[in-house]
Amino acid sequence: MSGAPVPRSGDIIPGSRGVHKLGGMTIDGQRHHGPEGNGAHHPESDEQQPVGEVLGGDGEYPNGNEHPHEKQRGPVVLRRSRMGEPTTTDQRLLDSRGPADWVHTDPWRVMRIQAEFVEGFGALAEVPRATTVFGSARTPREHEEYQEGVRLGSALAGTGSAVITGGGPGTMEAVNRGASEAGGLSIGLGIELPFEQGLNPWVDLGVNFRYFFTRKTMFVKYAQAFVCLPGGFGTMDELFESLTLVQTKKVTKFPVVMFGRSYWRGLYEWIRDTMHSNGKIGDQELGLLHLTDDVDDAVRVVEEAYAAWDAAH
């Protein structure tokens, strides 16, 4: 028996009277071991019978084959009644037909939000120390506020600080322009809006966002100071969110400069004479604000705060 050929499905086995199984099979009532059931010849008969016919007769293997039909779904193997899927995963991915409502559901939005954080972190991870500058998108280029923005951006770049703006036109463009022309790193973080859209031409590194909260995280995470030039609701939102983060110690050693005395004086006085006088904020919170008209003074505040931040880290 040793050295006999190993039978396989569909082979003819001489003298296979009473053959029942292959593959750890029983031949003539005796079990033969081995990887595929060594020993395929029975000495009593030379009668030949197709193995496939015998196996198919008892219904144990579909279609007379010991390997049943199957369908693969990635690493998953489906057989018999589980084979009902008429398409493949790739086909469903690449087929453009079907409803698209799922792209407007919250689970899909979560994936988009996650992707924005990943893109933002990846793009800005190696940015050197930076100052975030807020300001109006509606400041015309011939306005003095625009010129102040250019000077501020240039002065910050001169200290080795990158500048981060909202990437839009107006004051944001002015600051980006000043930094870029001075050889500094000019960063713009844009936002999807029905108006005032698109990054200005002076942005060297730009990232566009769908969601305000993702963008705001980047404004804070990669900066060591905030400077607020005159602006509208967006600038107000960014100013007070910055103050709240500093007040609640979500960020530390973080100056907030209000640049433009004539523009910010009314708000500053209201904070001092109403909020502070009524005990809604304390001396320490009021001291978070620095009001100035001077570019050099604003840069000094930023530099001193950065030195303190660097020493603490």
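**Exercises on helix H4 and the parallel sheet**

In this predicted model, Val133 stands opposite Val227 in E11.

**Exercise 1.** Determine how E7 and E11 are joined, and which helices lie on the sheet there.

*Solution.* Begin with the strands: E7 and E11 run parallel and are joined by three bridges. Next, consider the helices. Helix H7 (residues 233–247) lies across E7, E11, E12 and E13, and its direction is at about 150 degrees to E12. H10 also packs on the sheet, where it touches E7, E11, E12 and E13. The direction of H10 makes about 160 degrees with that of E13.

**Exercise 2.** State the strand order of the open sheet and identify its edge strands.

*Solution.* The order is E10-E9-E8-E7-E11-E12-E13, seven strands with parallel pairing. At the edges are strand E10 (205–209) and strand E13 (289–292), each of which pairs on one side only. On average, neighbouring strands of this sheet are turned by 20 degrees against each other, direction ignored.

**Exercise 3.** Compare the span of helix H4 with the expected value, then describe its buried residues and what covers them.

*Solution.* Helix H4 (residues 144–158) has 15 residues. From first to last C-alpha it reaches 21 Å, close to the 21 Å expected at 1.5 Å a residue. Its buried residues are Tyr146, Glu148, Gly149, Val150, Leu152, Gly153, Leu156 and Ala157. In an α-helix, residues three or four places apart point the same way, because there are 3.6 residues a turn. The cover over the buried residues of H4 includes strands E7, E8, E11 and E12 together with helices H5 and H10. Finally, just after H4, Gly160 takes a positive phi of about 90 degrees.

Note on methods. Residues are numbered from 1 along each chain as its sequence is written. This is a predicted model: local features need pLDDT of at least 70, side-chain atom pairs count only at pLDDT 80 or more; totals for chains, interfaces and linings use all residues. Side-chain values use heavy atoms; hydrogens and water are left out. Helices (H or I, at least four residues) and strands (E, at least two) are DSSP runs, numbered from the N terminus. The expected span of a helix is 1.5 Å times one less than its number of residues. Buried means under 20% relative accessible area, exposed over 50%, partly exposed in between (1.4 Å probe, protein chains only). Contact means heavy atoms within 4.5 Å. Two strands pair if DSSP finds at least two bridges between them. Axes are lines fitted to C-alpha atoms, for helices over the stretch in contact, and angles run from 0 to 180 degrees between N-to-C directions.
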